[in-house]
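Let us take a walk through the empty spaces, the cores and a few individual residues of this protein. Please keep the sequence and the 3D view at hand as you read.

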Amino acid sequence: MTSVAQLRLASASPRRRELLASIGVQVEVAPVNIDETPHTGESAEAYVARLAIAKALAGVAQSGSASASAGLPTLGSDTAVVCEGRILGKPEDEAHAFAMLKSLSARRHEVLTSVAVAGPQGTLETTVVTAVHMREISDAEISAYWRTGEPVDKAGGYAIQGLASVFVTRIEGSYSAVVGLPLFETAQLLARQGVTIWHD
């Protein structure tokens, strides 16, 4: 596997960087800052797709490349936790995290992750939906979980790959998408943009 960057990652997420490294893709980390406010009446699927594309294109612009076809391909991604049609973002404080986790307790919700890759083939995007089922979570558990610090920067207030794994009874769909990137679909987009993975 090469150690030369093959891809620009328009995200500061260590989870996305680790997921890409797990399939042999070396990245140049280039976080971008965009407005992530949902539009009025916008569906969750349209929201994550719009943000993933915006992040990828912002990464291209930030790099100084004349176009998406110049320089390294750039990946942008966005994940949203959705419960009964409501998008649950990152918790603003302990009370917000508590309310979100109570709404997810003992029920099914969806995690939508969109990936966009801007490169020689233009901007390619796909969105993956995974259903997550959680057991009942007590108030004491939610409070204890908040004190660990893990929920602070996580959509929906939890990390499936971390301590919150004990709350999840099962999933239907892509586990890696819930963590931050659907690897099967991401690898397909990367291949179309000329980015090789481990088997090459």
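On a 1 Å grid over the protein atoms alone, a cavity is a set of points where a 1.4 Å probe fits but cannot get out, while a pocket is an open set with protein on both sides within 12 Å along at least five of seven lines; lining residues have an atom within 4 Å of a point. Grid points are joined across faces, edges and corners, and a volume is the space filled by probe spheres set on the points. This is a predicted model, in which local features need pLDDT of at least 70 and side-chain atom pairs count only at pLDDT 80 or more, whereas totals for chains, interfaces and linings use all residues. Residues are numbered from 1 along each chain as its sequence is written, and side-chain values use heavy atoms, with hydrogens and water left out.

## Cavity and pocket

How many cavities of 30 Å³ or more does a search of the whole structure find? There is one, and the largest cavity holds about 40 Å³ of space. Its lining is made of E94, A97, F98, L101, I142, S143, Y145, W146 and P151. Helices and strands here are DSSP runs numbered from the N terminus (helices H or I, at least four residues; strands E, at least two). With those names in place, α3 and α4 (139-147) each supply at least two residues of the cavity lining.

The largest pocket contains about 720 Å³ of space. It is lined by 34 residues, and those closest to its centre are R16, D78, T79, K90 and D153. Two or more lining residues come from each of α1 (14-22), α2 (44-63), β3 (74-83), β4 (86-88) and α5 (175-179). Strand β3 gives the most, with five residues.

The table sets out both linings by class, where Ala, Val, Leu, Ile, Met, Phe, Trp, Tyr, Cys and Pro count as nonpolar, Asp, Glu, Lys and Arg as charged, and the others, Gly among them, as polar.

| Lining | Nonpolar | Polar | Charged |
|---|---|---|---|
| Largest pocket | 18 residues | eight residues | eight residues |
| Largest cavity | seven residues | one residue | one residue |

## Nonpolar cores

A nonpolar core is a set of buried Ala, Val, Leu, Ile, Met, Phe, Trp, Tyr and Cys residues joined through side-chain atoms within 4.5 Å. Buried means under 20% relative accessible area, exposed over 50%, and partly exposed in between (1.4 Å probe, protein chains only). The largest core has 38 residues, of which L7, L20, V25, L75, L104, Y158 and L190 touch the most other members. Helix α6 (residues 183-192) gives the most to this core, with four residues. A second, separate core of seven residues includes Y47, V48, A80 and V82.

Contact means heavy atoms within 4.5 Å. Leaving aside neighbours within four places in sequence, L104 is in contact with V81, C83, L88, H109, M134, G156 and Y158.

## Residues worth a visit

Polar contacts are pairs of N or O atoms within 3.5 Å; within protein, one must be able to donate a hydrogen and the other to accept it, and residues adjacent in sequence count only if both atoms are side-chain atoms.

Start with S105, in the loop between α3 (94-104) and β5 (108-119). Is S105 buried or exposed? S105 is buried, because its relative accessible area is 12%. Its side chain reaches the backbone nitrogen of I137 at 2.8 Å. Not counting residues up to four places away in sequence, S105 touches R135, E136 and I137.

Q193 sits in the segment after α6 and has a relative accessible area of 4%, so Q193 is buried. The backbone oxygen of V117 is reached by the Q193 side chain at 2.9 Å. Among the contacts of Q193 beyond four places in sequence are P73, A118, P120 and L124.

On helix α2 we meet R50, which counts as partly exposed because its relative accessibility is 24%. A polar atom of the R50 side chain lies 3.2 Å from the backbone oxygen of T37. R50 also touches P38, H39 and E42, with residues up to four places away in sequence not counted.

Last come two backbone angles. Most residues other than glycine have a negative phi. Yet phi of E84 is near 50°, and phi of A106 is near 60°. E84 lies in the loop between β3 and β4 and is exposed, because its relative accessible area is 65%. A106 is found in the loop between α3 and β5.
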